[in-house]
Every structure is written in structure tokens, then in C-alpha cells.
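Reader: I would like to understand how a structure such as this one is put together. Please guide me through it by question and answer.

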Amino acid sequence: MGGGNIRSKEDLMNEIIDRIASCAACPLSVSRSNVVPGEGSLDTPIMFVGEGPGEEEDLSGRPFVGRAGRLLDKIFESVQLNREEFYITNVVKCRPPGNRTPKQEERRACSHFLYAQIALIQPKLIVCLGATALSFFLETPVTMREARGKFYPWIGGIRLFVMYHPSYLLRVQSKAPGSPKYQTWEDIKLLKKVYEKLIAGWTFEQIEKEIGSGTP
Ligand code: SF4
């Protein structure tokens with residue numbers, strides 16, 4: 001009959017998750033309670049990638065479920081989106097102690113898991129949550145101030161975009177024009193527009209023509 005060796009995306013993702021679960025390639029394996037591989041749609045055109053799991057994520061094994069995660073859910077809901085429409089993960093799959101920024105060697109040790117997830121899902125856009133995640137992809141340090149509001153071309157025609165990490169937004173109060181919260185509202189409205197066009201089959205070139213690229 002043939003075709004017996006074709007494996008579903010779910011099967012392949014489960015294999016990646018199994019490998020993450022038994023990984024001890026960096027010191028974060030020692031302090032973790034659970035690995036946090038990621039979750040969401042495998043057929044989405046958009047992935048969201050943060051820098052690393054926090055305490056509640058470490059305890060539950062799920063990404064963005066703590067206070068920051070609940071704020072991220074609200075950000076989605078503000079434009080009638082739902083987190084299940086996207087794939088959400090982090091650069092490193094185990095919690096750095098004390099929620100510190102993952103070290104370069106930890107990011108490097110873990111990167112093949114994220115690359116495997118990206119290769120499987122084949123998103124058109126990766127939304128980085130925080131400058132650390134964008135710096136990982138661009139392989140150069142960037143700040144939110146210089147990086148926000150632009151689509152960066154990356155490998156395989158994938159675009160990168162950065163939003164404030166929701167845990168940072170929890171620490172700022174102002175919603176005045178120009179504030180990080182206000183800018184996040186602008187960003188999520190833009191992302192909704194881009195998402196609708198991507199699921200309607202538009203290419204990124206067409207989208208950039210329509211909305212103005214902001215490409216650096
Ligand atoms: S952070 Fe990544 S590389 Fe380090 S132990 Fe966890 S899964 Fe392995």
C-alpha cells in the first residue's frame with residue numbers, strides 16, 4: 001500500500017517533546033520540576049516565543065500560565081484571538097533559577113529543540129516575547145526601543161516581530177500613548193491584521209505592501 005511511514009505532525013511533535021523531557025544537556029535540567037516544551041496549534045502561521053519558563057510554568061509544564069500568561073491571554077482576547085490558534089513556546093525549555101535570563105550556553109544547548117519545532121510547524125511569522133528572544137534569533141543583542149514595530153526577515157522567508165514580554169507589562173502602569181502597554185495594544189491589532197491575511201493565503205510580501213513593511 002505504501003505511505004505507512006508518513007508520520008503526522010502530532011507524532012513528530014510528541015517525539016520532540018519526549019526528547020525534551022529526557023534532556024540533560026545543560027545545567028537547567030538539574031533545577032527543573034518539569035520541562036516546558038510548548039503547546040498550541042501545529043498548523044498555525046504564527047508562533048510566539050518567549051525566553052524561558054517561569055515558576056508556574058515549571059510547576060505545571062505549560063508555557064505562559066502564570067500572571068504573565070494570563071495577561072497574554074487578555075492581550076489576545078482584546079482583539080478576539082485565542083492562544084490555542086497559535087503555538088507558544090520558549091527559547092529554553094527548562095526554568096532558569098530565579099527567573100534569570102537564560103545563559104548563552106543554555107540557549108545554545110536548547111536551540112535544536114526550538115529549530116525542530118519551527119521546522120515542523122513552518123510558521124510564516126515568529127513573534128518574540130521580549131528582546132532576549134529576538135536577540136537569540138538575530139544572534140545579536142537588541143533592545144525593545146530599537147527593535148519594536150518592525151518585521152525582520154529570517155531563515156526560509158520567516159519574518160520575526162517583537163512584542164513586550166507580558167511579565168514586563170505587569171510592572172508598568174501607564175496606558176498613555178507611547179507607553180509599553182499602549183504600544184502592545186498597537187502591536188496586537190497589527191498582528192491580528194497580519195494573521196487574518198496569512199490564513200487567507202496572502203504572502204508576506206503582499207502583506208507588507210498593504211500595511212507598510214517596517215522592514216529594517
Ligand atoms: S534547557 Fe533545554 S538543553 Fe537545557 S536541559 Fe532543558 S531541554 Fe535540555
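The following questions concern the ligand shell, a pair of helices and a further helix.

Reader: Which helix supplies the largest share of the shell around the ligand?

Author: This is a predicted model. Helix 2 (28–31) and helix 5 (104–121) each provide at least two residues of the shell around the ligand. The largest share is three residues, and these come from helix 5.

Reader: Which class do most residues of the shell around the ligand belong to: nonpolar, polar or charged?

Author: Around the ligand there are 14 residues, of which Cys23, Cys26, Ser29, Cys94 and Cys110 come nearest. The shell holds two charged residues and one polar residue, while the other class counts eleven. That class is nonpolar.

Reader: Is helix 1 roughly parallel or roughly antiparallel to helix 5?

Author: The axes of helix 1 (residues 9–21) and helix 5 come within 11 Å and cross at roughly 175°. An angle over 145 degrees counts as roughly antiparallel. Therefore the arrangement of helix 1 relative to helix 5 is roughly antiparallel.

Reader: How many nonpolar residues does the contact of helix 1 with helix 5 have?

Author: Helix 1 contributes Lys9, Leu12, Met13, Ile16 and Ile20, and helix 5 contributes Phe113, Ala116, Gln117 and Leu120. By class, one residue of this contact is charged, one is polar, and the nonpolar residues number seven.

Reader: How many of the eight residues of helix 6 are buried?

Author: The buried residues of helix 6 (residues 131–138) are Ala131, Ala133, Leu134, Ser135, Phe136 and Phe137. They pack against elements including helix 5 and strand 4 (125–129). Helix 6 is thus mostly covered, and its buried residues number six.

Terms used. Residues numbered from 1 in each chain as written. Predicted model: local features only at pLDDT ≥ 70, side-chain atom pairs only at ≥ 80, totals over all residues. Near = placed C-beta within 6 Å. Helix = DSSP H or I, 4+ residues; strand = E, 2+ residues; numbered from the N terminus. Nonpolar A, V, L, I, M, F, W, Y, C, P; charged D, E, K, R; others polar. Axes fitted to C-alpha atoms, helices over the stretch in contact; angles between N-to-C directions. Parallel < 35°, antiparallel > 145°, perpendicular 65-115°, else oblique. Contact = placed C-beta atoms within 7 Å. Buried ≥ 20, exposed ≤ 12 C-beta atoms within 10 Å, placed from the backbone.
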